[in-house]
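Have the sequence and the 3D view open side by side while you read. We will walk through one sheet and then visit two residues outside its strands.

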Amino acid sequence: MNISVIIPARNEQESILRLLDSLNGQTVKPSEIVITDAGSTDQTAAIVEDYDKTIVPIHLVRADKALPGRARNPAKRARDAAGGPRPP
């Protein structure tokens, strides 16, 4: 089973590490994690960039000031371009 987790994020430095740890700790791990940073002014993007990507591939997409709905679109395009899992 292929699962892509798409996460829109903006200024989530306090919680993004906990979220990534939780996703990596799941019994059934996602095939990939795609995070759209919507113009964070804190360390959200840096935390994602520095996170261990050897367990689950993590892709960071930057989309300045994208709200959650709009933030999913660039993440989906990036996943599709990278050949990520597609729904059946």
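Ile35 has Leu60 as its bridge partner in strand S3. The strand S3 covers residues 58-62, and its pairing with S2 is parallel, over 5 bridges. Two strands are said to pair if DSSP finds at least two bridges between them. Strands (E, at least two residues) and helices (H or I, at least four) are DSSP runs, numbered from the N terminus.

Before going further, a word on the model: it is predicted, so local features need pLDDT of at least 70 and side-chain atom pairs count only at pLDDT 80 or more, while totals for chains, interfaces and linings use all residues. Residues are numbered from 1 along each chain as its sequence is written, and side-chain values use heavy atoms, with hydrogens and water left out.

**The sheet**

On to the other neighbour of S2. Strand S1, residues 4-9, pairs with S2 in the parallel sense over 6 bridges. From S1 the chain passes through helix H1 (residues 16-24) to S2, a β-α-β crossover that is right-handed. That term applies if, with the strands pointing away from the viewer, the path from the first strand over the helix to the second runs clockwise. A right-handed β-α-β unit is also made by S2, helix H2 (residues 44-50) and S3.

Put together, the strands form an open sheet of 3 strands in the order S1-S2-S3, with parallel pairing. S1 and S3 are the edge strands, each pairing on one side only. From one strand to the next, the twist averages 20 degrees; axes here are lines fitted to C-alpha atoms (for helices over the stretch in contact), with angles from 0 to 180 degrees between N-to-C directions.

Some residues that face each other across the strands are listed here.

| Residue in S2 | Opposite residue |
|---|---|
| Val34 | Ile6 |
| Thr36 | Pro8 |

At Asp37 in the sequence, look across to Arg62 in S3, which stands opposite.

How many residues of S2 are buried? In S2 (residues 32-37), 6 of 6 are buried, where buried means under 20% relative accessible area, exposed over 50% and partly exposed in between (1.4 Å probe, protein chains only). In a regular strand, side chains alternate between the two faces of the sheet. Here Glu32, Val34 and Thr36 are buried on one side, and Ile33, Ile35 and Asp37 are buried on the other.

**Two residues to visit**

Ser40 sits in the loop between S2 and H2. Why does Ser40 count as buried? Because its relative accessible area is 17%. The side chains of Ser40 and Asp37 share a polar contact of 2.4 Å, meaning a pair of N or O atoms within 3.5 Å; within protein, one must be able to donate a hydrogen and the other to accept it, and residues adjacent in sequence count only if both atoms are side-chain atoms. A polar atom of the Ser40 side chain also lies 2.7 Å from the backbone nitrogen of Asn11.

Ile47 belongs to helix H2. Ile47 counts as partly exposed because its relative accessibility is 23%. Leaving aside residues up to four places away in sequence, Ile47 touches Gln13, Ile16 and Leu17, with contact meaning heavy atoms within 4.5 Å.
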